[in-house]
Amino acid sequence: MLLLVTCLFCLFNRVISDAENSPRIIIVGAGSSGIAAASKLFENGFDNILILEAENRIGGRIHTTQFGEYLIDLGAQWVHGQVNNVAYELAAPLDLLANTTWQSIAYDSTGRKIDDTVFQDGILFFLHNLTELNVSDPSGSAGEYYEKQFSIYFKDHPEINSTLQKGLLRLYNLISCSLSAADTWYDISLKGDIEYENCEGELSINWKKRGYSTILDILMKKFPDPSKELPVVNNTILNTEVINIDYTADNGSIKIRTLDAQEYLADHVIMTTSLGVLKENYESLFNPPLSESKITTIKGLAFGTVCKIFMQFDEPWWEYNLEWRSFNFLFNETYINKLESDENKRWLASAIAICAVEDKPHLLAAWIAAKGCRLVETLPDDMILEHIMELMHTFLGKDYNITKPTAIMKTNWTQNKHFRGTYSFRSVDSEKVNASAEILSEPIMKNQTPVMLFAGEATNKSHYGTVHGAIASGWREADRLIKFYAKTS
């Protein structure tokens with residue numbers, strides 16, 4: 001029996017690998033989902049594969065780059081969880097990952113340090129409600145739910161005065177926004193949060209001195225043994241923006257046009273662009289137009305942003321050790337009003353925290369929620385540096401001898417037309433139109449053949465917004481084609 005299975009597998013591989021019979025597969029986007037799909041297809045005998053990538057690099061929203069003496073991640077940074085997480089399962093056996101030890105403290109905008117017990121207990125309560133949602137009526141927003149939970153919590157903690165309550169709630173709102181890439185936690189669907197599957201285990205696992213782009217090398221078999229590398233990069237064309245996909249031909253051939261006036265033909269297209277790109281371009285990208293349900297879903301699912309500002313210092317002025325130190329900010333209304341009165345500075349009110357970076361002792365990273373991101377991306381670096389120095393002196397200046405960064409580097413996900421943000425989430429409005437990742441992931445069929453396939457984190461119903469969700473979606477669509485040709489061979 002084993003011999004028969006082996007023979008059938010070899011026969012299938014020979015059929016697929018035959019240049020005349022191998023289906024033409026074009027993957028739009030060389031992010032983690034596109035590379036995952038291509039790698040699995042190559043491993044299973046498909047060899048007529050081409051990836052068209054609009055950027056000048058592979059990786060998509062994984063973007064590891066050099067900053068001074070360190071590698072930093074402008075995009076995905078941590079592996080979130082250990083159980084049912086394909087990124088962890090790929091990297092952990094290779095001893096590439098380490099758990100992040102948290103040590104978070106908070107200051108208010110008068111420069112006063114918040115009592116550690118008050119702050120830490122509140123954070124733990126918030127995180128518990130974030131991961132252990134159990135409600136009878138899941139309608140409404142996550143923000144409404146959290147506010148109700150905290151109203152009960154604050155009654156049980158009379159030592160937290162009303163001013164501190166407001167500051168804490170505002171911080172939890174911003175943290176929630178950073179996790180979902182939303183503008184406010186009132187936008188986030190409570191039902192979506194309940195149905196989202198958090199992977200058990202540590203939620204902030206770092207890559208030591210490496211970056212998240214290591215996962216791409218693992219997927220392509222370049223790491224740990226370069227001699228086994230799959231021909232993914234060799235079959236990727238960079239700086240190639242797809243502007244139209246025409247699948248009207250009766251013979252099933254798909255014509256892909258690019259911004260540089262090139263045309264490519266395919267039997268199948270796997271679309272892995274971000275939901276932000278689909279939102280902006282779905283009307284011009286597809287011929288014939290997408291179905292009404294697909295359009296409703298693209299418009300209905302939410303896609304937001306989070307940004308980071310990396311700062312390099314000659315010497316750390318904070319206590320740097322193996323723990324991951326995070327300075328969190330509680331803004332009072334007076335300081336918020338002051339910032340809001342300056343159209344260039346108002347982004348500072350969206351600052352969540354300034355954090356040390358694992359294994360990089362001379363770096364700090366500021367995390368900014370969506371509202372501030374859209375503004376900070378438009379400002380020059382010298383102005384951002386001036387503003388962030390004000391922020392650090394206002395909150396931390398009484399306890400720390402703050403020095404000026406020697407260099408900064410910010411993210412630019414919203415302004416970049418090849419992304420238009422960072423990751424997707426289910427909003428309150430998503431529920432109103434029944435928009436779902438399942439609908440987005442449905443392939444377009446023609447003559448009982450999947451001609452247009454959709455992958456990417458936004459198409460993963462359980463793990464949207466994550467790299468492991470994106471990888472799994474790429475494998476899913478590769479498996480769809482593998483199974484299709486297994487039936488027809």
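**Exercise 1. The start of H6**

Which side-chain oxygen reaches to within 3.2 Å of the backbone nitrogen of Thr 163 at the start of H6?

*Solution.* The model is predicted. Begin with the helix itself: H6 covers residues 162-180. Then look at Asn 161. A side-chain oxygen of Asn 161 comes within 3.2 Å of the Thr 163 backbone nitrogen. Now go to the other end. Just after H6, Ala 181 has a positive phi of about 65°. Last, check the span. H6 has 19 residues and reaches 27 Å from first C-alpha to last, close to the 27 Å expected. Its buried residues include Leu 164, Leu 168, Leu 171 and Tyr 172.

**Exercise 2. The sides of H4**

Find the buried residues of H4 and work out where they sit around the axis.

*Solution.* Locate H4 at residues 116-131. It has 16 residues and reaches 22 Å, close to the 22 Å expected at 1.5 Å a residue. Next, list the buried positions: Val 118, Phe 119, Gly 122, Ile 123, Phe 126, Asn 129 and Leu 130. These cover an arc of only 130° around the axis, so they lie on the same side of H4. Finish at the N-terminal end. Asp 115 caps it, with a side-chain oxygen 3.0 Å from the backbone nitrogen of Thr 117.

**Exercise 3. A buried charge**

What polar contact does the side chain of Glu 358 make?

*Solution.* Place the residue. Glu 358 is in the loop between strand E17 (351-357) and strand E18 (360-368). Glu 358 is buried, yet it has no salt bridge. Check the distance: the nearest side chain of opposite charge is Lys 360, 6.4 Å away. A salt bridge needs atoms within 4 Å. Now turn to Thr 100. The Glu 358 side chain makes a polar contact with the Thr 100 side chain at 2.8 Å.

**Exercise 4. Rings in pairs**

How many aromatic pairs does the structure hold, and which parts of the chain does the pair Tyr 196 and Tyr 464 link?

*Solution.* The count is 30 aromatic pairs. Take Tyr 196 and Tyr 464. Their centres are 4.9 Å apart, with 75° between the planes, and the pair is edge-to-face. Now trace the chain. Tyr 196 is in the loop between helix H7 and strand E7, while Tyr 464 is in the loop between strand E22 and helix H16. They are 268 residues apart. Both are buried.

Next, take Phe 327 and Tyr 400. Their centres lie 5.3 Å apart with planes at 75°, so this pair is edge-to-face. Phe 327 is in strand E16, and 73 residues separate it from Tyr 400. Both residues are buried.

Finally, look for a cluster. Ring pairs join a group that includes Phe 126, Tyr 172 and Trp 185.

Conventions
Residues numbered from 1 in each chain as written. Predicted model: local features only at pLDDT ≥ 70, side-chain atom pairs only at ≥ 80, totals over all residues. Heavy atoms only, no water. Helix = DSSP H or I, 4+ residues; strand = E, 2+ residues; numbered from the N terminus. Buried < 20%, exposed > 50% of the residue type's maximum accessible area, 1.4 Å probe, protein only. Lys, Arg positive; Asp, Glu negative; His and termini not counted. Polar contact = N/O pair within 3.5 Å; in protein donor to acceptor, adjacent residues only side chain to side chain. Expected span 1.5 Å × (residues − 1). Arc of directions from axis to C-beta. Phe/Tyr/Trp six-rings, centres within 6.5 Å; stacked < 30°, edge-to-face > 60°.
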